[in-house]
Amino acid sequence: MASTFSSSPHQSRHTSIGEVELYAMRENNSHDQLFPGFYRRGRGGGDRDRDRGGGLGLGISERSDGVQSLSFTEISGPAGTGENPWEKGTRDKVNEKGRVVYKPMAEQKKLGYFSTAALIISKVIGTGIFAKPSYVFQNCGGKGISLGIWLACGAMSLMGLIIYVELGIALPFSGGEVIYVDEAYPHPRYLAVIVISLLFVFLTHWAGNLITFAKLVLQAFDPTNSNPNYHLQKFIALVMLTCVCAVHMFSRKMGIAINNFLAIYKISMVLFIIVTGFAAMGGARARPGNSGPEHKDQPYGLVNISYKEWAKTEERSLNEYASAILGVLWAYTGWENANYVLSEVKRPPGRESRVFKVAAFGSIGVLTALYALANLAYFTVLSNEELMQEGEIVAATFFVKVFGKSWFSERALKVLIALSIMGNFISSTYSVARVKQEIAKLRILPFSEFWARQSHYDTPSGALFLHWIVAAIMIIVTPNNQNNEAYNLITDLFIYGQLWMFIVVSLGVLALHAQPYRQWAPALFRWPILVTIIVIYVPLNLFLVVLSWWPAPKEVEDRKDIPSIATPSVATGIICFGFLYWVGFAKVLPALGYEVLSAPDELVDGSRVITYKRHKTGFAKKVSEWWSDRFG
């Protein structure tokens, strides 16, 4: 009986037996020594696998050169069949073509403090801080409320980060939410991991960033046209999508180097905005007479951030407040980026989680401060009327008012912002491709073997191609980007889906703690403190989900080409599709004779081995045998 196993990003793809051998880079470390706080008896053939009739025999041996190896062998077949698919392929009768060797990444090649922090910073700083402040202001109706939302969402992101860091310390594998829900929700089997996986595949494409990049580049060539030809925007977006995926496919090292450079560049850009804002507080202005008639009689400097201006607020609907909050959360999206590639983050002996923790918490602290100060700079330079203008990115309006209409403010600046947006896409593509490869390893997607492929450049080539396909489709089908409606639709759609991911993962911490075979306690805080954070964080996310469905006022809907209900409707449709997919995968296929069996475990280097394998029995086995006999 042939099956397919998969593991870390460095592997062959096929095996016909249940034995896997790992030649680890670390010596003299057993699994429970590496992860003493989270020894998973259920993954080694314990309670969780007992009802499936499956289990794993786990052992660690040492080669003649002193390098350790880890092997595990399936010890029973699918529940109810009474047969062992691997008993014919014992160790003495192994077909060498069927052996899978997992070679983990060498420690010196993994991401250090700066590269891990850069992965987070470069993903967080994209279009958000350059485009969203005016959108948030328009939807909440006041500078005071707007700045408050930015700070509150920073605190909310910190709460989410605490939960994710706890899970990352306990489960130091690439894959993020996919790994966490797979651990936390064993029943109903496969349901949680399938729904979350499909949400991730369909929504983490970042096509909105590519469209905005293309729009800015075209506006740099023609500053008078705030809505360039949308077909040309799509063409440029597709070209850049292909280039970024190609870079990550052919050179992991180059992708990391580009991301590190762009992280420094982005921080410099935001700092420049902040410094300019502080200069504006003192009345500094380069060419006040050359900023255009739309800025001629508008207030400038400290008068824009007086108490009167902070207190001025216009009434807004709950739907508009929800849109504002989703916009800010989009700007903070990326704080979880290191969790997606934890197998590639350095784990120095004795301080295994230090690099991850320092990079994660240091990044979110710096980013929250930068965002608050950047908003203060925008509010200092721009009046309420200017912030209400649509169609132009707020950072461009900011620089035109300060420096006047010039080649820099009208053309070069848009290219600089476009480069920041591209850096966001480069960073996110690096990480989400690893997650999609982990999803493919689960064998729950069609053509999973192809999507899980690893190139000889040590890059997830199959997952990158899957990422390219989904992003390209979204770029092609996205409606006209006039007044940034399409961009806001795509970003809000992702945030809505991510809210559900955060809710499920956060509740999963409680589920993990309750599982009887776990020996786990939080590493950062005491259990009551972590529970308090979850109790606050989950209702906040649920509240935002409910607000997303709240109808917008008729006058607001009349101004839109895309209805407000589109965001939650599409995302909920994907969730419902996930339930239907689960019915087919976990109920219909087994009824037809395709038995699904889980055979997961961790490897001693922190890489993950997990796959859902299909075994043909009954009707499916008879059809397979008939086909083989007839066509051969």
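The following legends describe close-up views of a predicted model.

**Figure 1. Helix α5 and its cover.** Helix α5 comprises 28 residues, from 143 to 170. At 1.5 Å a residue, a helix of this length should span 40 Å, and the end C-alpha atoms of α5 are 41 Å apart, which agrees. The helix is mostly covered, with 21 of its 28 residues buried. α5 also supplies at least two residues of the lining of the largest cavity, which is the subject of the next view.

**Figure 2. The largest cavity and its lining.** The structure holds 10 cavities of 30 Å³ or more, and the largest has a volume of about 100 Å³. Of the 13 residues that line the largest cavity, S157, L329, W335, Q498 and F502 are the closest to its centre. At least two lining residues come from each of the helices α5, α13 (318–332), α20 (485–514) and α21 (527–549). The most is given by α20, which contributes 4 residues to the lining.

**Figure 3. Backbone features in the loops on either side of α7.** H187 and P188 are joined by a cis peptide bond, with omega about -10°. P188 is placed in the loop between α6 (177–184) and α7 (191–203). Y190 is found in the loop between α6 and α7 and has a positive phi of about 75°, although it is not a glycine. The relative accessible area of Y190 is 6%, so this residue is buried. In the loop between α7 and α8 (207–221) lies W206, another non-glycine residue with a positive phi, here about 60°. W206 counts as buried because its relative accessibility is 4%.

**Figure 4. Salt bridges within and between helices.** A search of the whole structure finds 8 salt bridges. Side chains of opposite charge can pair when their charged atoms come close. E386 and K401 form one such bridge, their closest N and O atoms being 2.7 Å apart. This pair links distant parts of the chain, since E386 belongs to helix α15 (residues 384–387) and K401 to helix α16 (residues 394–403), 15 residues apart. Both E386 and K401 are buried. A salt bridge also connects the side chains of K441 and E438, at 2.8 Å from N to O. K441 and E438 lie in helix α17 (residues 407–441), 3 residues apart, or about one turn of the helix. An α-helix has 3.6 residues a turn, so residues three or four places apart point the same way. K441 and E438 are both buried.

**Figure 5. A salt bridge with unequal burial, and a network.** The side chains of E309 and K312 meet in a salt bridge of 3.3 Å, N to O. E309 counts as buried because its relative accessibility is 13%, under the 20% limit for a buried residue. K312, at 36% relative accessibility, counts as partly exposed. Elsewhere, R252, E344 and R434 are linked in a network of salt bridges.

**Figure 6. A nonpolar surface patch.** V583, V588, L592, F619 and V623 make a nonpolar surface patch of about 410 Å². Helices α23 (566–591) and α24 (618–631) each supply at least two residues of the patch. V588 is placed in helix α23. With a relative accessibility of 42%, V588 counts as partly exposed.

Terms used
Residues numbered from 1 in each chain as written. Predicted model: local features only at pLDDT ≥ 70, side-chain atom pairs only at ≥ 80, totals over all residues. Heavy atoms only, no water. Expected span 1.5 Å × (residues − 1). Buried < 20%, exposed > 50% of the residue type's maximum accessible area, 1.4 Å probe, protein only. Patch = residues over 30% accessible without salt bridge, like charges linked within 9 Å, V, L, I, M, F, W, Y side chains within 5 Å. Areas by Shrake-Rupley, 256 points an atom, 1.4 Å probe, with all protein chains shown as cover. Salt bridge = Lys/Arg side-chain N within 4 Å of Asp/Glu carboxyl O. 1 Å grid on protein atoms, 1.4 Å probe; cavity = no way out; pocket = protein on both sides within 12 Å on 5 of 7 lines; lining within 4 Å. Points joined across faces, edges and corners; volume = space filled by probe spheres on them.
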